[in-house]
Amino acid sequence: MEENGSDQNNAGDESALSNGDGLDLDRIHISPVPKFFGFKQFKKLLEKHLSGIDIRKVRQMKFDAYVSFKSPEDAQLAISKLNGLEVKKTVLKVQLAQTEKKSFAPSTQQIRPKTAKESVTKLADVPYEEQLRQKANESSKLCERLLTELKKANVDDSDKLKTGQLVKKVLPSPKIRAYRNKCEFTIGRTREEKVCVGFVGGRFSQNEHHVIPVDDVDNITESMKRIVEAVAEFVESSALNGN
């Protein structure tokens with residue numbers, strides 16, 4: 001049995017057998033996976049209930065799992081044994097997995113490179129009052145999720161806690177621009193191969209790395225930008241430029 005205990009980027013395995021309805025005949029989809037159910041527990045569950053069935057591959061993600069079998073008959077037998085099974089108060093829904101549609105053709109879409117402002121200060125163009133409102137909403141949602149988990153865990157007096165009591169009003173900053181007193185930068189080259197001191201950009205999935213100038217970033221002070229420019233000029237004129 002080939003195993004994969006945590007594969008967030010792969011919804012399953014390639015199947016050798018698919019039907020015309022977009023389903024893999026020898027691969028099943030199990031959902032939801034019980035909360036806090038580790039891969040070893042999941043493997044033991046399969047071994048217990050699918051004893052004697054030839055399992056080829058297992059991939060478990062946070063809420064879903066995919067299991068491949070030697071034959072469509074084994075897949076159907078697994079569905080009959082697992083579908084509707086209750087595990088840790090979770091009822092499993094098991095069915096044939098959808099066939100993955102994969103395209104290996106290179107993308108021709110041109111993606112505009114992000115500026116430093118877009119990369120590191122994503123709310124910079126949002127009105128400040130709206131930024132505060134968004135932060136308040138996110139804080140309330142996070143608190144509600146926390147209270148829900150506390151109640152599920154039967155924490156004493158958790159039912160008496162209220163979001164409105166715990167989350168206070170978000171206070172506006174007296175200074176919303178040029179307030180950063182600590183900055184970390186990378187020395188490298190831009191997309192145009194010019195020496196640059198700034199933030200790392202690019203798409204790592206495509207092995208594209210470059211440095212983005214900090215000129216348009218509002219939360220960096222002008223004095224810091226002058227230091228960045230001076231360091232870039234020093235590197236440009238020194239022996240470091242050839243490295």
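## Exercises on helix α4 and unusual backbone angles

The cover over the buried residues of α4 includes α5 (163–166). Here contact means heavy atoms within 4.5 Å, and buried means under 20% relative accessible area, exposed over 50%, partly exposed in between (1.4 Å probe, protein chains only). Helices (H or I, at least four residues) and strands (E, at least two) are DSSP runs, numbered from the N terminus.

This is a predicted model: local features need pLDDT of at least 70, side-chain atom pairs count only at pLDDT 80 or more, and totals for chains, interfaces and linings use all residues. Residues are numbered from 1 along each chain as its sequence is written, and side-chain values use heavy atoms, with hydrogens and water left out.

**Exercise 1.** Describe α4: its span, its buried residues and what follows.

*Solution.* Step one: α4 covers residues 128–152, 25 residues in total. Step two: from first C-alpha to last it reaches 37 Å, close to the expected 36 Å. The expected span is 1.5 Å times one less than the number of residues. Step three: Q131, L132, C143 and L147 are buried in α4. Step four: N154 follows α4, with a positive phi near 60°.

**Exercise 2.** Place D157 and give its phi and exposure.

*Solution.* D157 sits in the loop between α4 and α5. Its phi is near 65°, positive in a residue other than glycine. D157 is partly exposed, at 46% relative accessible area.

**Exercise 3.** Find the cis peptide bond from S31 and locate its proline.

*Solution.* The bond from S31 to P32 is cis, with omega near -5°. P32 belongs to the loop between β2 (23–31) and α1 (39–49).
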